[in-house]
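User: I would like to learn how to read salt bridges in a protein model. Please take me through it step by step.

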Amino acid sequence: MQPKLPADIETPAYVVDAAAVERNMATAARIKRESGAKVLLATKSFALPAVFPMMRQTLDGTTASGEYEARLGRETFGKEVHVYAPAFSDTEVRHLLKLADHIYFNSASQLARFLPLVKAAGGKHVGIRVNPGYSNATLGGPLYDPCAPCSRFGATRDTLEAMPWADISILHTHALCESLHDGSVGLIEHVGRELGQYVRKVKTVNFGGGHFVNQPGYDVAKLIAAIKAFRAEFGVDVILEPGAGLVVDAGWLVSTVLDIHRNEKDIAILDTSASTHMPDVLEVPYKPPVVGAGEPGEKPHGYILGGKTCMTGDVIGEYSFDAPLKVGDRIVFADMAQYSFVKNTTFNGTPLPDIGLLEKDGTYRVIRKFGYEDFARRVGA
Ligand SMILES: Cc1ncc(COP(=O)(O)O)c(C=O)c1O
C-alpha cells in the first residue's frame, strides 16, 4: 500500500512514521505489563530523539554501544542508560561513569581492568556479557550471529567460574538477530538450562536484542510465558533490549528516479544509494521492499534499481512495476527505520577517526577532529 506521503518531500529522505512507532510501542507495553520484564531501546538500531518522547512513555531507557550513544540516551531519552561494547578504553570508561548506570563488560580481562574504577565511582550496576553458544540469527548467516565460531562477543563458558560474581549484578546474553518467538524462547530456555548456576549468582538477566517482537508471525504470548517461567524459576529480573523489533516497518526511504539507463536491461538510477544510504543492502546482503513493486517478472516492467555513487556494486536490486518508470518518479523503500540512518556513518555512535596530514618534512597535522556533536547533529539532537 502506498503511504500517504506529502507530494513535495525533497528526496532522498528517510521518513519515520510516528503512527507505526506508536503501534510498535504497544507491543513493548504488553511485554512489560504481562511478563514484568524491562524493555530498553538499543539506540544502535534507531536513534531519533524527535520520537523519544513517544518511546519514553513505554520503555525503561536505552542501551548504548559506547560513549556517544550513552550520552545521547542520557541527554535526550533519560530513564536508565545501559552500555556495552566488545572493549572499552580507559578514557571511555571514565566518561561512561558520568553517563551510564549499567555498564556491561565483554570479558574477564576487561572486568579485571575496569572493576576497580567502576566500584570507586559507586552506584553502578556491573554486567558481564556471556556467549551462550546459542545460534538463531535469521538474517545474514554468521555475519549476524553473535555466537558464530570465533565470535568476539561475550565471555566464553570456560571463563565463567572464575568471574568476580560478587561484583556482578547482571548476566547479559545477546544471541539473536531478527528472530521470531522460537529464537527468543529458545534462548531463554537455553540460558536457564546451560547457565543456571551463574544466573543464580546475579539479580538480573538481560536477554539482549534481536527479539523481532513486532514482526508478523512473532507470537508475543510465547515470549511472555518464557520470561515468566524464567523469572519464577530463578527469582531474577529480566531485561530485553531490542532495537529493530521496536521499529518494524516504521519508516521509508523516499527517492526519485534521475535517469533510465539501458545496458541489456533497463536500469533506473536513483538519487539514493545502497552504499551510502542503505549499507545493509550490501552488507547482509538483502533486497529491501519497494512500495508497489514486485519481484522480477511479476509485473510487466522490469528494472534494476541502482544508486548514484561510482561504486560498481551500488545496486539495490531487481524489481518489476505496473507501469514504465520515468525520470522524476518516486521510489519508496519500506521498513527503513531500523539500521538505516544510523548506519550512514558513526554506526554505534563510534567516533570518527581524525583526518590528518603527514607533511613532506615529517610533521603531522590534524586537519579535522570529530566529536559527539557531529554524531548528535546527524540525528537531530
Ligand atoms: C548487545 C546488543 N544488544 C541489542 C542489540 C539490538 O539488536 P536488534 O536491533 O537486532 O534488536 C544488538 C544488536 O546488534 C546488540 O549487539
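**Reading the salt bridges**

Analyst: Start with one residue: D354 is partly exposed, at 32% relative accessibility. Keep in mind that this is a predicted model.

User: Which residue does D354 meet in a salt bridge?

Analyst: A salt bridge is called when a side-chain nitrogen of Lys or Arg is within 4 Å of a carboxyl oxygen of Asp or Glu. Here the side chain of D354 meets that of K369, at 2.7 Å from N to O. D354 sits in the loop between β14 (330-334) and β15 (355-358), and K369 in the loop between β16 (364-368) and α10 (372-378), so the pair ties together parts that are 15 residues apart in sequence. K369 is exposed, at 53% relative accessibility.

User: Where do R377 and D374 lie?

Analyst: Both are in helix α10, three residues apart, which is about one turn of the helix. Their closest N and O atoms are 3.9 Å apart, and they form a salt bridge.

User: Is D374 buried or exposed?

Analyst: The cut-off for buried is under 20% relative accessible area. D374 has 17%, so D374 is buried. Its partner R377 is exposed, with 57%.

User: Which residues are joined into one network by shared partners?

Analyst: Salt bridges with partners in common link R30, R33 and E34 into one network.

User: What is the N to O distance between R262 and D266?

Analyst: Their side chains meet in a salt bridge at 3.2 Å. R262 is exposed, with a relative accessible area of 55%, while D266 is partly exposed at 25%.

User: How many salt bridges does the structure hold?

Analyst: The count is 22.

Key:
Residues numbered from 1 in each chain as written. Predicted model: local features only at pLDDT ≥ 70, side-chain atom pairs only at ≥ 80, totals over all residues. Heavy atoms only, no water. Buried < 20%, exposed > 50% of the residue type's maximum accessible area, 1.4 Å probe, protein only. Helix = DSSP H or I, 4+ residues; strand = E, 2+ residues; numbered from the N terminus.
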